[in-house]
Amino acid sequence: MTKPVVLLAEELSPATIDALGPEFDIRHVDGTDRPALLAALADASAVLVRSATQIDAEALAAAPVLKVVARAGVGLDNVDIKAATTAGVMVVNAPTSNIVSAAELTVGHILSLARNIPAAHASLAEGQWKRSSFTGTELYEKTVGIIGLGRIGALIAARLQAFDMRVVAYDPYVTPARAQQLHVELLPFEELLRTSDFITIHMPKTPETTGMIGDAELAMMKDTAYVVNVARGGLIDEDALFRALSAGIIAGAGLDVFVDEPPKNSPLLALPNVVVTPHLGASTDEAQEKAGVSVARSVKLALEGDLVPDAVNVAGGVIDPFVRPGIALVEKLGQVFSGMSHAALTNLDIEVRGELAAYDVSVYKLAALKGIFTSIVSENVSYVNAPLFAEQRGIETRLIVDPVSEDYRNITTLRGTLADGTVLTVSGTLSGTRMVEKIVGFNDYEIEVPIAQHHIVMLYTDRPGIVAIYGQKFGDAGINIAGLQVARSQRGAQLSVLTVDSRVPEELLDEVREAIQADLLVQLEITEV
């Protein structure tokens, strides 16, 4: 059997290749050589990049079987996430691979500023001995303000507490309970600026956070204060920072990131009270290896059909083992729902009842949509773009959970309204210790049918001899009926669900439909997931 092709577009550690394992055909290409990259993507199921390779709409169009783009690092500036989502391609990164390295570099910048280490080194390297020129300040009992108390911010807090610093933070999304757990005092933004001796910023770069420290904010700080940015260039207004440093409004700054990288002709580089590094936040052997191994594991999960915790363009995340077996069931229920539909879908409820209600079952919503659209659209459908297809068609979707399930330990129902007002429901469950996937309901009909590749669903007025009629016709045509379930409504309508061993010709279905005067006769073909 042909192995899926995993393309390494940049140099990655041997540990990354080891983490991928022998299941893949691993190939190498220089991602900066555009023609070579586009040619190599033609049969790639996954591509791993760092920061130099551009995966844009053109690259995605050259990769018809691509399932996942993996960035061995944190930033995703070189990946067109919107184009990837439209193409149904998962994008993953390694968001935690560099957090220790970034936190340690931040502490390094703070120490360098406090003790004038870079300037003192340069002076001594030039043969000068000017001890009195480099008198610094202790961190002991000083106040450090952390803007953004996420994973990196929390690591910095822990490290600086070891210096007996008072740690305060501003983060509108962190609860007081979480701050208390970290032994950090939450302050309003302006109060943090006024009281801190050192300020370090760890926010994502968004339109709201770009330039969040400018002239007005710098003016609020102590004239003895230092500011550090190891997060994203542009969070601090560089022009405003130059003015503040030149005028002595603040004492100094440590910068690892810049608006333009490299920062050509930046006046900040010439200032004596600035410590700069060339974007070294993730530049440790450990961080690089963690990033490669992390995305290699994500690629394996993605190519095995699993959701990936570090996927940036698909909802879901870590899936509880109790939830995982139902994913394939729900996707197949989506296929059944689509096959039973006779008009466009306008809204869909995914109802999960029973013990599963105590777990995060948001993945079932993705699975249902993927199953529904698999036979509707011509594009490749994945967990990534299935919600996009629903949004484009104006389909409203809801996930409903309820711990009460009267007949089954767990039951999942897809309930949708079609464009003509018809309400269609399909229910399923996993049965027994072998967790057999079963359909247990169509609208008002209760049945119990193990899901197979081929089913025939018929609805007709109940009367003697009907089963014999269609049984005879299928038998004469050499169609083996492997299973049959019959359910009857109070109104005398009867539902028959047949499991057959092979696809039934449409001409034969037309004959059966006419012979039994069926109100509904649908052939379902369920794709294994």
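## Loops, sheet, cores and a pocket

D164 sits in the loop that links helix 7 to strand 7 (166–170). The model here is a predicted one, and this residue is a handy place to start looking at the backbone. Phi of D164 comes out near 60°, which is positive although the residue is not glycine. With a relative accessibility of 48%, D164 falls in the partly exposed class, because that class runs between 20% and 50%.

E141 has a similar story to tell. Its phi is near 65°, again a positive value in a non-glycine residue. E141 belongs to the loop between helix 6 (117–125) and strand 6 (143–147), and it is exposed, at 59% relative accessible area. For context, most residues other than glycine have a negative phi, and most peptide bonds are trans. The second half of that remark matters for another loop: the peptide bond running from E261 to P262 is cis, with omega near 0°. P262 is in the loop between strand 11 (252–255) and strand 12.

**The sheet**

Those strands bring us to the open sheet. Seven strands make it up, in the order 8-7-6-9-10-11-12, and the pairing is parallel. Which strands stand at the edges? Strand 8 (185–186) and strand 12 (274–276) do; each has a single partner strand, so one side of each has no neighbour in the sheet.

Further in, strand 9 (residues 198–201) and strand 10 (residues 226–229) run parallel and are joined by four bridges. I199 has V227 as its bridge partner in strand 10. Strand 10 is also joined to strand 11 by four bridges, again in parallel, and there V227 is partnered with A253. What covers strand 11? Both of its faces are covered, with G252 and G254 buried on one side and A253 and L255 buried on the other.

**Nonpolar cores**

In soluble globular proteins, nonpolar side chains tend to be buried together. In this model the largest nonpolar core holds 75 residues, and V6, M90, V299, Y364 and F442 have the most contacts inside it. Helix 14 (residues 362–374) gives the largest share of this core, with eight residues. Another core, of 29 residues, lies apart from it and includes M203, M212, L241 and L268.

**Between helix 12 and helix 13, and on to strand 17**

Here are three residues side by side, by place and accessibility.

| Residue | Place | Relative accessible area |
|---|---|---|
| V308 | loop between helix 12 and helix 13 | 2%, buried |
| P325 | loop between helix 12 (285–303) and helix 13 (326–340) | 29%, partly exposed |
| E437 | strand 17 (residues 436–442) | 17%, buried |

V308 and P325 are both found in the loop between helix 12 and helix 13. Leaving out neighbours within four places in sequence, V308 is in contact with M90, V92, S298, L301 and A302. M90 is also one of the residues with the most contacts inside the largest nonpolar core. From V308 to R297, 11 residues away in sequence, the C-alpha to C-alpha distance is 9.1 Å.

P325 touches L430 and M435, once residues up to four places away in sequence are set aside. Its C-alpha atom is 23 Å from that of G339, 14 residues apart along the chain.

Is E437 buried or exposed? At 17% relative accessible area E437 counts as buried, because the cut-off is under 20%. E437 touches A328, L329, K332, T429, L430, V449, P450 and I451, not counting residues up to four places away in sequence. L430 is among the contacts of P325 as well.

**The largest pocket**

Rolling a probe the size of a water molecule over the atoms shows where empty space is left. The largest pocket contains about 1,200 Å³ of space. Its lining has 40 residues, and V74, G75, N98, R232 and H279 are the closest to its centre. Which helices each supply at least two lining residues? They are helix 5 (99–115), helix 7 (151–161) and helix 12. Sorted by class, the lining has 17 nonpolar, 14 polar and nine charged residues.

How values were computed. Residues numbered from 1 in each chain as written. Predicted model: local features only at pLDDT ≥ 70, side-chain atom pairs only at ≥ 80, totals over all residues. Heavy atoms only, no water. Buried < 20%, exposed > 50% of the residue type's maximum accessible area, 1.4 Å probe, protein only. Contact = heavy atoms within 4.5 Å. 1 Å grid on protein atoms, 1.4 Å probe; cavity = no way out; pocket = protein on both sides within 12 Å on 5 of 7 lines; lining within 4 Å. Points joined across faces, edges and corners; volume = space filled by probe spheres on them. Nonpolar A, V, L, I, M, F, W, Y, C, P; charged D, E, K, R; others polar. Core = buried A, V, L, I, M, F, W, Y, C linked by side-chain atoms within 4.5 Å. Pairing = 2+ DSSP bridges.
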